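Me: I am new to this structure and would like to go through it by question and answer. Could we begin with what surrounds the ligand?

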Amino acid sequence: MTQTYQGTALVTGASTGIGAVYAERLAERGYDLILVARSRGRLLSLAERIANETGRPVEIIDADLNDPTSRATVEAKLTEDASITLLVNNAGVGTHTPLLDSDVDAMTRMIDLNVTALTRLTYAAVPGFVSRGKGAIINISSIVGIAPERLNGVYGGTKAFVLAFSQSLHHELASKGVKVQAVLPGATATDFWQTGGLPLENLDPAIVMSAGDMVDAALSGFDRNELVTIPALHDGAKWDAFEAARAAMFSELSTSTPALRYSANKTTVHGA
Ligand code: NAP
């Protein structure tokens, strides 16, 4: 164990994929861990391996974050354990199924995990972070948060929520010592694709990143205090321009009069 102690990181969806890589990397960086997911067996073997390799204590909570009762145990942990300095809201599911082919109950469960659980865990963690003047939240969004046409629209909507929520959290909490990062991965090689009904083999390898590379890039963005990190976007100036265009509209988005193009007296019909 060579790294300085960084406090405890609670990582959701840590049994496999992106969350499991975060767990490994954070332990290597000096965090004790609390790993959350449903599969107790996978959590146990990962916890044992990380503890052996890094010497860091690793606790597990097997909880279904779709279930309010077991979700409450994770919320209580975040509220009560003052050693927690980092929350990684990673657990999430997706699908590529178009709206008309999607089961609305499955879509609602997706919203419950990707949005409701993430929101509730954030609410549980933030008061302690603020009172201690220290803490960080990493929220795993997706590139479909800004490109919802690319996959299922409800999934894109949940990830747009994660991005907007993170931007708002940063706005409210940065001055209180709480650091917020939204990570927007592109296609990443995990079970996510199989679970969502589109096995990875169907994707062009040129657009798929390994989970290790994705998390290492995201943590590099975290170290640079980026609010938004898009690991695959090579030309970072494009995101800066996108944000600048958004910010340039802020002062014009709420006015007492409708825009001229919507005026009732306007007689010109487009194309007429
Ligand atoms: P993954 O390999 O399928 O892992 C998902 C994790 O979430 C697993 O640990 C799973 O563990 C856990 N999980 C699922 N449902 C849960 C529930 N109800 N309660 C608690 N834990 C639950 O997927 P991944 O690619 O690592 O996805 C991680 C995050 O990255 C997600 O938010 C996803 O939307 C986002 N993302 C992924 C990609 C990609 O291409 N892979 C791209 C952009 C964003 P259990 O099954 O043991 O519960």
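Me: Which helices each supply at least two residues of the shell around the ligand?

Reply: In this predicted model, the shell can be read both by class and by element. By class it has 13 nonpolar, 13 polar and five charged residues. The helices that each supply at least two of the shell residues are H1 (17-28), H5 (153-173) and H6 (192-195).

Me: How much of the area that the ligand exposes when taken alone is buried by the protein?

Reply: Some polar contacts come before the area: an oxygen atom of the ligand is 2.8 Å from an N or O atom in the side chain of serine 15, and a polar side-chain atom of arginine 38 lies 2.7 Å from an oxygen atom of the ligand. For threonine 188 the polar atom belongs to the backbone, and it is 2.8 Å from a ligand oxygen. Taken alone the ligand exposes 880 Å², and the share of this that the protein buries is 95%.

Me: Which element gives the most residues to the lining of the second largest pocket?

Reply: This pocket holds about 340 Å³ of space, and among its 16 lining residues those closest to the centre are Glu226, Val228, Thr229, Ile230 and Gly236. Two or more lining residues come from each of helix H7 (211-223), strand S9 (228-229) and helix H8 (236-249). With four residues, the element that gives the most to this lining is H8.

Methods
Residues are numbered from 1 along each chain as its sequence is written. This is a predicted model: local features need pLDDT of at least 70, side-chain atom pairs count only at pLDDT 80 or more; totals for chains, interfaces and linings use all residues. Side-chain values use heavy atoms; hydrogens and water are left out. A polar contact is a pair of N or O atoms within 3.5 Å; within protein, one must be able to donate a hydrogen and the other to accept it, and residues adjacent in sequence count only if both atoms are side-chain atoms. Accessible areas come from the Shrake-Rupley method with a 1.4 Å probe; for residues, only the protein chains shown count as cover. Ala, Val, Leu, Ile, Met, Phe, Trp, Tyr, Cys and Pro count as nonpolar, Asp, Glu, Lys and Arg as charged, and the others, Gly among them, as polar. On a 1 Å grid over the protein atoms alone, a cavity is a set of points where a 1.4 Å probe fits but cannot get out, and a pocket is an open set with protein on both sides within 12 Å along at least five of seven lines; lining residues have an atom within 4 Å of a point. Grid points are joined across faces, edges and corners, and a volume is the space filled by probe spheres set on the points.
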